[in-house]
Amino acid sequence: LLQSDPHATTAALVWVVVHRHGPLTMEQIAELVRLDTPQLEEAIRILSDLVALSQQHTAAREASRPES
């Protein structure tokens with residue numbers, strides 16, 4: 001997936017940078033990965049969508065567990 005989708009590749013790079021360096025401003029991320037604003041905004045949007053999907057998946061899984 002990453003090899004065929006440059007947006008996903010960029011988002012993965014941004015994730016690695018934020019994970020490595022901790023909370024950063026958009027300007028700091030852009031400087032570290034040398035992206036222009038539209039590219040960075042797209043990467044952040046992709047990452048935000050992935051987080052939302054992960055949270056939905058976790059909530060659905062927890063809701064389907066039998067209560068003990």
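**Group meeting: loops, core and pocket of a helical model**

I'll start with T25, which sits in the loop between α1 and α2. This is a predicted model, so please hear every value as computed. T25 is partly exposed, because its relative accessible area is 38%, and partly exposed here means between 20% and 50%. Its C-alpha atom lies 28 Å from that of H57, a residue 32 places away along the chain.

The next loop, between α2 and α3, holds R34. What is the sign of phi at R34, which is not a glycine? The phi of R34 is positive, about 55 degrees. R34 counts as exposed because its relative accessibility is 74%, and the cut-off for exposed is over 50%.

Now the helix that follows. α3 covers residues 37-64 and has 28 residues. From first C-alpha to last, α3 reaches 41 Å, close to the 40 Å expected at 1.5 Å a residue. Which residues of α3 are buried? They are L40, A43, I46 and L47. An α-helix has 3.6 residues a turn, so residues three or four places apart point the same way. The buried residues of α3 pack against α1 and α2.

That brings me to the core. In soluble globular proteins, nonpolar side chains tend to be buried together. In this model the largest nonpolar core has eleven residues. Going along the chain, they are A11, V14 and V17, then I29, A30, V33 and L35, and finally L40, A43, I46 and L47. Each of α1, α2 and α3 supplies at least two residues of this core. Which helix gives the most to the core? α3 does, with four residues.

One core member, V17, is worth a look for its contacts. Leaving aside residues up to four places away in sequence, V17 touches G22, L24, L32 and V33. Of these, V33 is also listed in the core.

Last, the pocket. Rolling a probe the size of a water molecule over the atoms shows where empty space is left. The largest pocket has a volume of about 240 Å³. It is lined by 14 residues, and the closest to its centre are A11, W15, L47, S48 and L50. The elements that give two or more residues to the lining are α1, residues 6-21, and α3. How does the lining divide by residue type? There are 13 nonpolar residues, one polar and no charged. A11 and L47, both named at the pocket centre, also belong to the largest nonpolar core.

Conventions:
Residues numbered from 1 in each chain as written. Predicted model: local features only at pLDDT ≥ 70, side-chain atom pairs only at ≥ 80, totals over all residues. Heavy atoms only, no water. 1 Å grid on protein atoms, 1.4 Å probe; cavity = no way out; pocket = protein on both sides within 12 Å on 5 of 7 lines; lining within 4 Å. Points joined across faces, edges and corners; volume = space filled by probe spheres on them. Nonpolar A, V, L, I, M, F, W, Y, C, P; charged D, E, K, R; others polar. Core = buried A, V, L, I, M, F, W, Y, C linked by side-chain atoms within 4.5 Å. Buried < 20%, exposed > 50% of the residue type's maximum accessible area, 1.4 Å probe, protein only. Contact = heavy atoms within 4.5 Å. Expected span 1.5 Å × (residues − 1).
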